[in-house]
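User: I am new to reading protein structures and would like to go through one slowly, with the reasoning spelled out at each step. Could we take a few residues and elements in turn?

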Amino acid sequence: MNCLFCKIIAGQIPSTKVYEDETVYAFRDINPQAPTHILVVPKAHIADCNGINAENSAVVAHIFEVISQLAEHEGLENGYRVISNCGPDGCQSVHHLHFHLLAGRYLQWPPG
């Protein structure tokens, strides 16, 4: 498979890992949009939010448990934002389901 995130998970491309377990991998974004910018991805390849189904939805619930743990570990006491881009109009650039954990500054709404 020629998926960037699958290669990162497999260790073929270096990353700054912040968390890993049997189903989830989290690492710092190489082009951060906030002081804290962590990508949280399932190890199983799911293309995007439209690929979530009854067979794999438990991993998404687990991802949000991990996000909560990461937020605590990172000391994100003032809050944070979780984003998943889906499809071309959603600006998805890597077609592997992933969640951006953004924090460390005021995150204006609506976003640009």
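User: Does cysteine 91 count as buried or exposed, and what is its relative accessibility?

Analyst: Please keep in mind that this is a predicted model. Cysteine 91 sits in the loop between S4 and S5. A residue counts as exposed when its relative accessible area is over 50%, and because cysteine 91 has a relative accessibility of 58%, it counts as exposed.

User: What is the phi of cysteine 91?

Analyst: As background, most residues other than glycine have a negative phi. Cysteine 91 is not a glycine, and yet its phi is positive, at about 65 degrees.

User: Which residue follows helix H2, and what is its phi near?

Analyst: Helix H2 covers residues 57-74. The residue that follows H2 is a glycine, number 75, and its phi is positive, near 70 degrees.

User: How far apart are the end C-alpha atoms of helix H2, and what span should its 18 residues have?

Analyst: The expected span takes 1.5 Å times one less than the number of residues, so the 18 residues of H2 should span 26 Å. The distance between the C-alpha atoms at the two ends of H2 agrees with that expectation, being 26 Å.

User: Which residues of H2 are buried, and within what arc do they fall?

Analyst: The buried residues of H2 are Val59, Val60, Ile63, Val66, Ile67, Leu70 and Ala71. Seen down the axis of H2, these buried residues line one face of the helix, because they fall within an arc of 140 degrees.

User: What do the buried residues of H2 pack against, and which residues on the other side of H2 are exposed?

Analyst: The buried residues of H2 have strands as their packing partners, namely S1 (17-20), S2, S3, S4 and S5. On the other side of the helix, the exposed residues of H2 are Ala58 and Glu72.

User: Is leucine 101 buried or exposed, and which residues does it touch?

Analyst: Leucine 101 belongs to strand S5, and because its relative accessibility is 0%, it counts as buried. If we leave out residues up to four places away in sequence, leucine 101 touches Thr36, His37, Ile38, Ile67, Leu70, Ala71, Leu76, Tyr80, Arg81 and Val82.

User: Is histidine 37 buried or exposed, and how far is it in space from valine 82?

Analyst: Histidine 37 is placed in strand S3, and it is buried, because its relative accessible area of 5% is under the 20% cut-off. Not counting neighbours within four places in sequence, its contacts include Phe27, Asp29, His100 and Leu101. Although histidine 37 and valine 82 are 45 residues apart in sequence, their C-alpha atoms are separated in space by 9.8 Å.

User: Which residues lie nearest the centre of the largest pocket, and what is the volume of that pocket?

Analyst: The lining of the largest pocket consists of 32 residues, and those nearest its centre are Asp29, Gln33, His37, Asn85 and His100. By class, this lining has 16 nonpolar, 12 polar and four charged residues. The volume of the largest pocket is about 730 Å³.

User: Which element gives the largest share of the lining of the largest pocket?

Analyst: Helix H1 (4-9) and the strands S2 (24-28), S3 (36-42), S4 (81-83) and S5 (99-103) each supply at least two residues of this lining. The largest share, three residues, comes from H1.

User: Which residues is arginine 105 in contact with, beyond its neighbours within four places in sequence?

Analyst: Arginine 105 lies in the segment after S5 and is partly exposed, at a relative accessible area of 44%. Along the sequence it is 72 residues from glutamine 33, while the two C-alpha atoms are 10.0 Å apart in space. Once the neighbours within four places are set aside, the contacts of arginine 105 are Gln33, Ala34 and Pro35.

Key: Residues numbered from 1 in each chain as written. Predicted model: local features only at pLDDT ≥ 70, side-chain atom pairs only at ≥ 80, totals over all residues. Heavy atoms only, no water. 1 Å grid on protein atoms, 1.4 Å probe; cavity = no way out; pocket = protein on both sides within 12 Å on 5 of 7 lines; lining within 4 Å. Points joined across faces, edges and corners; volume = space filled by probe spheres on them. Helix = DSSP H or I, 4+ residues; strand = E, 2+ residues; numbered from the N terminus. Nonpolar A, V, L, I, M, F, W, Y, C, P; charged D, E, K, R; others polar. Buried < 20%, exposed > 50% of the residue type's maximum accessible area, 1.4 Å probe, protein only. Arc of directions from axis to C-beta. Contact = heavy atoms within 4.5 Å.
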